[in-house]
Amino acid sequence: MRTSERGRGPVRLAGVGRRYGPRGPWVLRGVDLELPEGRLVRATGANGTGKSTLLRLVAGVDAPAEGRITGRPARTAYVPERFPAALPFTALAHLVHLGRLQGLRTGEARARAGEWLERFGAGAYAGTALAELSKGGAQKVAVAQALLAAPGLLVLDEAWTGLDEGARAELDRAVRERVAAGCTVLFVDHDPRRLAGEAGVTLRLEHGGVHALPPRPGDGAGPDPAPRPAAPRPARVPAPAPAAVPVPASMRIVASGGRALPDVLPGGAARVSPADGGGVVFRVGGGDSDELLRLLLAASWHVHRVEPEPAPAPAREPA
Ligand SMILES: Nc1ncnc2c1ncn2[C@@H]1O[C@H](COP(=O)(O)OP(=O)(O)OP(=O)(O)O)[C@@H](O)[C@H]1O
């Protein structure tokens, strides 16, 4: 909301690793990262690369198995991928309770809860039990609780999923407001157009590591992120050595459901095969993947994944 969060410094991850179980594979390891205040930070990566894990660690709802996270502001808010809506409260009572836990007085919590429910078009559900809300209604309560106390760090894991169009646009507006007030917003969303064009930082998760992608000219987030050659990057986001973000020779884009495409695709991109679970796999040269993405989005395709083409297995040395 209106509270300024400036001057508290970045959230820092130093040598952070997480695995599930003492012998489980490392999902993330050796993550060194600074999330600057007042920036929009998008986390991207193929399925299972640890985006939700990273968000839970940054939000403080999960702890690293190794390494440290410092600089997390007292008012940190998190919207999980799945909101546990089966609680025995009305939407308003739940929000007032959470607002009080976040340090608001009861009257203030009630006023802000009402304001956020209205903004998300859920004012009529204030007196409805959480368990009786639709998935979309419950999601509105989940995002309202995160915005209630003007957090200094806001972590959104696919928070737009399940919201209607008006509420999605309202959440976009709320995110911009928080960033303007000095809040760090870290988010994951399957739609590469989400908040595209906002100045910000894009993180790429792969092989257990996290690196910042260089900003594009004119925007820092852009549609989904193909790694690009090294370029000037925000001073406080750790910059991988240029060699760490090569343009992959070839990218795979998995997409579905759009209008007919021209016969000749950018960079000679090829439709390779139907994807598992539906959709089409496209293979395109790394330098042309953005152009293909733009074409797909303009033709109303739904983009599921953008990932480097797996490298061929190295040839064996002769014995
Ligand atoms: N609570 C858990 N217990 C065991 N393994 C887990 C747990 N949470 C995540 N994992 C594993 O950690 C890996 C990373 O999962 P995570 O959900 O963080 O990835 P993701 O990039 O968010 O995936 P997606 O894009 O599919 O949502 C996966 O192999 C997943 O099975």
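A residue counts as buried if 20 or more other C-beta atoms lie within 10 Å of its own, as exposed if 12 or fewer do, and as partly exposed in between. The exercises below apply this to a predicted model.

**Exercise 1.** Determine whether glutamate 158, histidine 207 and alanine 46 are buried, partly exposed or exposed.

*Solution.*
1. Glutamate 158 is found in the loop that joins strand 6 to helix 5. Because 20 C-beta neighbours lie inside 10 Å, glutamate 158 counts as buried.
2. Histidine 207 occupies the loop between strand 8 (201–206) and strand 9 (209–213). Its C-beta neighbours inside 10 Å number 9, so histidine 207 counts as exposed.
3. Alanine 46 belongs to the loop between strand 3 and helix 1. With 15 other C-beta atoms within 10 Å, alanine 46 is therefore partly exposed.
4. Two of these residues also have a backbone feature to record. Glutamate 158 is not a glycine, yet its phi is positive, about 55°. Histidine 207, not a glycine either, has a positive phi of about 55°.
5. Alanine 46 also has a partner distant in sequence: arginine 204 is 158 residues away along the chain, while the C-alpha to C-alpha distance is 9.1 Å.

**Exercise 2.** Describe the span, the buried residues and the surroundings of helix 5 (residues 165–180).

*Solution.*
1. Helix 5 has 16 residues, and 22 Å is expected at 1.5 Å a residue. From first C-alpha to last, helix 5 reaches 23 Å, close to that expectation.
2. The buried residues of helix 5 are Ala167, Glu170, Leu171, Ala174, Val175, Arg178 and Val179.
3. Their cover includes two helices, helix 3 (106–119) and helix 4 (135–147). It also includes strand 3 (40–44), strand 6 (153–157) and strand 7 (184–188).
4. After helix 5 comes glycine 182, with a positive phi near 100°.

**Exercise 3.** Establish the strand order of the open sheet of 3 strands, and then the pairing of strand 5 with strand 6.

*Solution.*
1. The open sheet has the order 2-1-4, and its pairing is antiparallel.
2. Strand 2 (26–35) and strand 4 (66–70) are the edge strands, each pairing on one side only.
3. From one strand to the next, the twist averages 15°.
4. Strand 1 (residues 11–19) pairs with strand 4 over 4 bridges in the antiparallel sense. Leucine 13 has isoleucine 69 of strand 4 as its bridge partner.
5. Strand 5 pairs with strand 6 in the parallel sense, over 4 bridges. Here alanine 77 stands opposite leucine 154 of strand 6.
6. In strand 5 (residues 76–79), Thr76 and Tyr78 point one way, Ala77 and Val79 point the other way, and all are buried.

**Exercise 4.** Identify the residues around the ligand and the class composition of this shell.

*Solution.*
1. The ligand is surrounded by Tyr20, Val27, Gly45, Asn47, Gly48, Thr49, Gly50, Lys51, Ser52 and Thr53.
2. Helix 1 (residues 51–59) gives the most to this shell, with 3 residues.
3. Sorted by class, the shell holds 7 polar, 2 nonpolar and 1 charged residues.

**Exercise 5.** Summarise the protein as a whole by its helices and strands, its buried residues and its contacts.

*Solution.*
1. The protein contains 6 helices and 13 strands.
2. Of its 319 residues, 39% are buried.
3. Among contacts with a separation of 6 or more, 69% join residues 24 or more positions apart.

Note on methods. Residues numbered from 1 in each chain as written. Predicted model: local features only at pLDDT ≥ 70, side-chain atom pairs only at ≥ 80, totals over all residues. Near = placed C-beta within 6 Å. Nonpolar A, V, L, I, M, F, W, Y, C, P; charged D, E, K, R; others polar. Expected span 1.5 Å × (residues − 1). Contact = placed C-beta atoms within 7 Å. Pairing = 2+ DSSP bridges. Axes fitted to C-alpha atoms, helices over the stretch in contact; angles between N-to-C directions.
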